[in-house]
Amino acid sequence: MPRATAKAEVDQRPFPPGEYPVVVVGSGPGAIQFSHELDRLGIAHATISADPSPGGMFRRLPIYQRLLSWTKPYALGDPAGRAGEWYDWNSIVSDDQSLRSIMPTLMDGSSSFPSRANMEENLATFVARANLQIRYSCPWQSTSRTDDGRFVLSTPDGDYTCGIAVFAVGMAEPWRPPTPGLDLVPHYVEAGPAETYAGKRVFIVGKQNSAFEIATAFLPWARQLVLGSPRPATLSVVEHSLAGVRARYVQPYEDAMLHNGVFLLDVKIERIERADDGFRIRLSRTADGREMIYEADAAIATTGFAVPMRDLPALGVATFAQGKMPALTALWESASVPGIFFTGTISQAAAGLKKHGIPANSGALHGYRYNARVLARHLGATRFGIEPVRPALEADAVAPFLLEQLTMAPELWNQRSYLARVASVSDDGWRDDGIWPLADFIDAPGSDAVAVTLEPNPDGSIYPVAYVRADGNVEEHLLDPDSMNEYRGSPHREQMASILAPLMRS
Amino acid sequence: MAAMPDDALELLSSLSLFADLGGPQLEAISHTFEETTFAPGQRILRQGISGSNFYVVVDGEASVKINGEERASIGRGDFFGEMSLLLGTAPTADVTAVTPLRCLVLAGPGLHDFLDKHPSVMYRMLVAMARRLSIANQHSG
């Protein structure tokens, strides 16, 4: 064989099969953020991915529209500053200034919502600039354990053995409830180009964002659109949460309210049958059980996604929600198999306190990127002996510091009532302990400290909350709201000083 | 948290709180609550921490503690979280999962509206609360 040919056949990909302290699975934004944090901490790891390039689900989705997450380059003056992350929901975050705020540089001003292609480029640019190493086209296929308890992740390239396995594989598996006949209907990911639905009566199973995304795309094409599911549609502007349909997809809702060719039905889907070239959909109204039949030319199931758990449940990883998500601790570790962690959008499986029923933003990059940073720091401290940086704070600087965080910190604004800024006190004085999950701060034992976060309530109010832990007991203190979300003035300084008084040591 | 499982109607009808409801009402309820699970040792309700929700236990066991002292254990069919929601105060007890705990959960702010729409559930809740009060009185007497 000629020498040049033999050279070309050498696999240039990083991370050949073998033993690693940590193996990360995935190459979407969750894996990218987490792997970058491990690099910054100097924790050796292998990152493997089934995909041929970075981007994860953003290589394919959303199908019809721009992303739901905004990037507003000028919102806080300095788009490359840390506070700029608050309104840039799409960039990977970093302590390295040269890696920050990549998405704003790709926006052309036509929308505050990037296109899918923008997002893919944003992630690929970060991976290239950060020199992040990922072994692509290396799918995790199965999982087992060695006699000494380590994990073995099998791939076509060979086995990866590790003490800690971190899965950032997304909510990537199309999921349908076992409604009779629903398997006949294409899932959201299988929907065709909008123009192929021209003149058709289309039934969309579901009333969440993906249903409204499709409906928005079909408005210029479909003859009639019916969105059917048991629950009424909820709107983000009413719910004060991303759990509702986002404002940019509200047009079909308005069309329904104005009786303009769109119908929102609160119905149970009893059965779907093939009929001529379309579907016969048997329904019963949620309100009174009355039966209905809708004859559709086309139907699409927007019934959500599940985590591709593969054989992890057989390994003992507990799941919930009909197996769609792993049961996790507050620090994103499997509740049943220590050593297996999940990051990225799967971190939403650890719901936190969910105060007033309002969920965190862990399902989206602007929330889970901070979860990933905390997880890397946690693993560094607990498994690799890497002491986190904990800057000292003067006692009289603690209240202003916390109020500055409450006014400006992107972690607190994007992960309200979920992540908190923590400052602890001992005989050596005060320390800034950084960002930490609120649920763990409240529930786990710890030294005297304060955690501050922002809390929304169902009325749409938002206000700071301080949790003071003294002698092992945690007390909650709600601070006053401010109409401009500015908490650095004297009224809040006085409130915070009073709250911190029991922790102050003379 | 996630939508209710597919056996939702059967599940709901087997819980005493919902025993008086017919099919369509159970159907409506199955889309009002969500399903959630907790690992052993995980706290669900936290004494003194506001903003909690309403829970109905489907499977598993939890303990009720006040100031760290165990006061009761709760299991399938029991509910908790309603006291603080009705009074608009923070919970006065911790509720912690003892075994893997599967619950139905209703966002706290939705309880008032839910009880308004389902008076038979409100009645059953009152009966259960009266029973709890009676037991507490016996113990204190």
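Visitor: How many helices and strands does the secondary structure of chain B come to?
Guide: This is a predicted model, and in it chain B has five helices and eight strands. Read from the N terminus, the elements go α-α-β-β-β-β-β-β-α-β-β-α-α.

Visitor: What makes chain B as compact as a globular protein of that length?
Guide: Set the radius of gyration against the globule rule: chain B comes out at 15 Å, the rule gives 14 Å for 141 residues, and those are close, so chain B counts as compact as a globular protein of that length. For a feel of the dimensions, the C-alpha trace spans about 40 × 30 × 25 Å along its principal axes.

Visitor: What share of chain B counts as buried, and what does it take to be buried?
Guide: A residue needs 20 or more other C-beta atoms within 10 Å of its own. In chain B, 35% of the 141 residues count as buried.

Visitor: Among contacts in chain B between residues at least 6 apart, what percentage join residues at least 24 apart in sequence?
Guide: That comes to 74%.

Visitor: What are the confidence scores like, starting with the mean pLDDT of chain B?
Guide: The mean pLDDT of chain B is 89, with 94% of its residues at 70 or more. The model as a whole scores ipTM 0.90 and pTM 0.93.

Visitor: Why is β2 of chain B called an edge strand?
Guide: Look at the open sheet of four strands in chain B, ordered β2-β7-β4-β5 with antiparallel pairing. An edge strand pairs on one side only, and that is the case for β2 (43-45) and β5 (69-74) of chain B. On average, neighbouring strands in this sheet are turned by 30° against each other, direction ignored.

Visitor: How do you know that β4 of chain B pairs with β5(B), and how many bridges join them?
Guide: Pairing asks for at least two bridges between the strands. Strand β4 (residues 62-66) of chain B and β5(B) run antiparallel and are joined by five, so they qualify as a pair. As one position to look up, Ala62(B) stands opposite Ile74(B) in β5(B).

Visitor: Over to chain A: what makes chain A as compact as a globular protein of that length?
Guide: Chain A has twelve helices and 22 strands. Its radius of gyration is 25 Å, close to the 23 Å from the globule rule for 506 residues, so the verdict is again as compact as a globular protein of that length. The C-alpha atoms of chain A fill a box of roughly 80 × 75 × 45 Å along the principal axes. Buried residues make up 46% of the 506 residues. For contacts in chain A between residues at least 6 apart in sequence, 58% join residues at least 24 apart.

Visitor: Which strands does β4 of chain A pair with, starting from β3(A), and how many bridges join β4(A) to β5(A)?
Guide: Four bridges join β3 (residues 142-145) to β4 (residues 151-155) of chain A, running antiparallel, and Ser144(A) has Val152(A) as its bridge partner. Five bridges join β4(A) to β5 (residues 158-167) of chain A, also an antiparallel pair, with Phe151(A) matched to Cys162(A). Both counts clear the cut-off of at least two bridges, so each pairing holds. The hairpin of β3(A) and β4(A) has five residues between the strands, and Gly149(A) there takes a positive phi near 95°. The hairpin from β4(A) to β5(A) goes through two residues.

Visitor: Why are β17 and β22 of chain A called edge strands?
Guide: In the open sheet of six strands β17-β19-β18-β20-β21-β22 of chain A, with antiparallel pairing, β17 (392-393) and β22 (473-478) each pair on one side only. For β22(A), the antiparallel partner is β21 (residues 462-470), through six bridges; Val468(A) and Glu475(A) are bridge partners there.

Visitor: Is Glu273(A) buried or exposed, and why?
Guide: Exposed requires 12 or fewer other C-beta atoms within 10 Å. Glu273(A) has 12, so the residue is exposed. Glu273(A) is found in strand β9 (residues 262-275) of chain A. Setting aside neighbours within four places in sequence, Glu273(A) is in contact with Gly181(A), Phe279(A) and Arg280(A). The C-alpha atoms of Glu273(A) and Gly181(A) are 5.9 Å apart, although 92 residues separate them along the chain.

Visitor: Last one: how many residues does the contact take from chain B and from chain A?
Guide: The contact takes 26 residues from chain B and 29 residues from chain A. On the chain B side, α2 (23-30) and β1 (34-38) are the elements that give two or more residues. The largest share, four residues, comes from α2(B). By class, this side has eleven nonpolar, ten polar and five charged residues.

Terms used: Residues are numbered from 1 along each chain as its sequence is written. Chains are lettered from A and ligands numbered from 1 in the order in which they are written. This is a predicted model: local features need pLDDT of at least 70, side-chain atom pairs count only at pLDDT 80 or more; totals for chains, interfaces and linings use all residues. Two residues are in contact if their C-beta atoms, placed from the backbone, lie within 7 Å. Ala, Val, Leu, Ile, Met, Phe, Trp, Tyr, Cys and Pro count as nonpolar, Asp, Glu, Lys and Arg as charged, and the others, Gly among them, as polar. Axes are lines fitted to C-alpha atoms, for helices over the stretch in contact, and angles run from 0 to 180 degrees between N-to-C directions. The radius of gyration is taken over C-alpha atoms; the globule rule is 2.2 Å times the number of residues to the power 0.38. pLDDT is the predictor's confidence in each residue, from 0 to 100.
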